[in-house]
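Visitor: I would like a quick tour of this structure, one question at a time. Can you take me through it?

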Protein chains: 2
Amino acid sequence: MSEHFDDNKLSASLEDYLEAVLAVIIEKKAVRAKDIADRLSVSRSSVTGALQALAAKGYIHYAPYDVISLTDEGEKVAGAILSKHNALTKFFAEMLLIEPELAEETACKMEHSMPEEVIERLTCLYSFVMDSQKDTKEWSTKFSNYCKKQKKA
Amino acid sequence: MSEHFDDNKLSASLEDYLEAVLAVIIEKKAVRAKDIADRLSVSRSSVTGALQALAAKGYIHYAPYDVISLTDEGEKVAGAILSKHNALTKFFAEMLLIEPELAEETACKMEHSMPEEVIERLTCLYSFVMDSQKDTKEWSTKFSNYCKKQKKA
DNA sequence: CAAAAAAGTTAGGGATGACTTATATTATGC
DNA sequence: GCATAATATAAGTCATCCCTAACTTTTTTG
């Protein structure tokens, strides 16, 4: 609503950078370019480039050698990505019983192209199913047994 | 197993081309470059480029002005992509009750990065849930009511 | 507080991928 | 055999992403 000019669309990789900015802020109160470089395994100069791009699109406040922070818009978007990420990871791991590492990895790939609406429904499905269980343990045994049976057939 | 050299990995877009080749073959017995160009809304010359790439990687038989056909490997891979696509579409549409068009569109994006294992579990979840319903109609009303309630809260 | 270390930036490249238009080439139906 | 429809090639655009190397700024610390 606020911005009409659409040069502020984010590529998957820029979304990763933005997500990383928020994640680091959450876990240690402040971000340094180096944290992001380490976390994403890229060079420091790649981080500079990404931060410049994010700033140009209005998602972060950025000036050379200065503190990095999210704009309101940036916080909104980063938050959305992060919560997609978490919702997906949870769904894959707890509902589909995928091993944590693969669940994470898959969530990372999906989070960029999965529409909000689908995530919402996924979350809804999760709680719908879990509501009818005593606990997640119950679901786990029930569903993994079913899967095993299916595999045989 | 058969090939050790990994220059035969496919980008998302090459997967789309390969999938299109199979889809067209299925629906009209033979493929022409033009069919693919129309279906994917790209120029003929983009199609030529993609077909060359697919041939170089061993997924199709291709020689200038000759008939296009899938290699065994190509058929296997294209089939896998197509069935991922179908499984995802079905899951989104029938299980999550996403409108058909969005379901399709989302499946298109996901099919390239969703691991087999996750698709399998998704399919399993689908049948697990459907098994405990009289029909898909029952699920539809049950789940959409639940979603509505969730939205309010 | 000055010098060394660490962090950040800039400049300059290079690879890839996915398209395009414009110009040839081939195939085939009449 | 020739026109035309289908294909192919050439050459180039554009965007994304990343890197190294050299430089500047900031921070740390003896």
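**Protein and DNA, contact by contact**

Guide: This is a predicted model. Start at DNA strand D. A polar backbone atom of K34(B) lies 3.3 Å from a phosphate oxygen of DNA strand D.

Visitor: How far is the backbone N or O atom of A33(B) from a phosphate oxygen of DNA strand D?
Guide: A33(B) also uses a backbone N or O atom, and its partner is a phosphate oxygen of DNA strand D. Chain A contributes through Y17(A), whose polar side-chain atom lies 3.2 Å from a phosphate oxygen of that strand. For A33(B), the distance is 3.5 Å.

Visitor: Which helix gives the most to the surface near DNA strand D?
Guide: Both chains take part. α1 (12-28) and α3 of chain A, with α2 (33-40) and α3 of chain B, each supply at least two residues. The closest residues include S11(A), S45(A) and R32(B). The top contributor, with four residues, is α3(B).

Visitor: How many charged residues does the surface near DNA strand D have?
Guide: 18 residues surround DNA strand D. By class, seven are nonpolar and eight are polar. The charged residues number three.

Visitor: What share of the DNA strand D atoms within 4 Å of the protein belongs to sugar or phosphate?
Guide: Bases make up the rest of these atoms. The sugar or phosphate share is 73%.

Visitor: Now DNA strand C. Which residue has a polar side-chain atom 2.7 Å from a base oxygen of this strand?
Guide: Two other side chains point to the phosphates. S46(B) has a polar side-chain atom 2.9 Å from a phosphate oxygen of DNA strand C. T48(A) has a side-chain N or O atom 3.3 Å from a phosphate oxygen. The residue with the base oxygen is S45(B).

Visitor: Which helix supplies the largest share of the surface near DNA strand C?
Guide: α2 (33-40) and α3 (44-56) of chain A, with α1 (12-28) and α3 (44-56) of chain B, each supply at least two residues. R44(A) and Q52(A) are among the residues that come nearest to the strand. The largest share is four residues, from α3(A).

Visitor: How much area do chain B and chain A bury between them?
Guide: The size of an interface is often given as the accessible area lost when the parts come together. Here 31 residues of chain B are in contact with 31 residues of chain A. Carbon and sulfur atoms account for 74% of the buried area, which is about 2,800 Å².

Visitor: Which residues of chain B lose the most area to chain A?
Guide: Three residues together make up 21% of what the chain B side buries. They are R121(B), F128(B) and Y146(B).

Visitor: Why does C147(B) form no disulfide?
Guide: A disulfide needs two cysteine sulfur atoms within 2.5 Å. The closest cysteine sulfur to that of C147(B) is in C124(A), so the gap is too far for a bond at 3.1 Å. Over all chains, the number of disulfides is zero.

Visitor: Is C147(B) buried or exposed?
Guide: Buried means under 20% relative accessible area. C147(B) has 11%, so C147(B) is buried. C108(B), at 32%, counts as partly exposed. For C147(B), the answer is buried.

Visitor: What is the relative accessible area of H85(A)?
Guide: H85(A) is found in helix α4 (residues 72-95) of chain A. H85(A) touches E19(A), E104(A), A107(A), C108(A) and E111(A), not counting residues up to four places away in sequence. H85(A) is buried, and its relative accessible area is 8%.

How values were computed
Residues are numbered from 1 along each chain as its sequence is written. Chains are lettered from A and ligands numbered from 1 in the order in which they are written. This is a predicted model: local features need pLDDT of at least 70, side-chain atom pairs count only at pLDDT 80 or more; totals for chains, interfaces and linings use all residues. Side-chain values use heavy atoms; hydrogens and water are left out. Buried means under 20% relative accessible area, exposed over 50%, partly exposed in between (1.4 Å probe, protein chains only). A residue is near a molecule or strand if one of its heavy atoms lies within 4 Å of it. A polar contact is a pair of N or O atoms within 3.5 Å; within protein, one must be able to donate a hydrogen and the other to accept it, and residues adjacent in sequence count only if both atoms are side-chain atoms. Contact means heavy atoms within 4.5 Å. Buried area is the accessible area (1.4 Å probe) that two parts lose on being put together, summed over both. Ala, Val, Leu, Ile, Met, Phe, Trp, Tyr, Cys and Pro count as nonpolar, Asp, Glu, Lys and Arg as charged, and the others, Gly among them, as polar.
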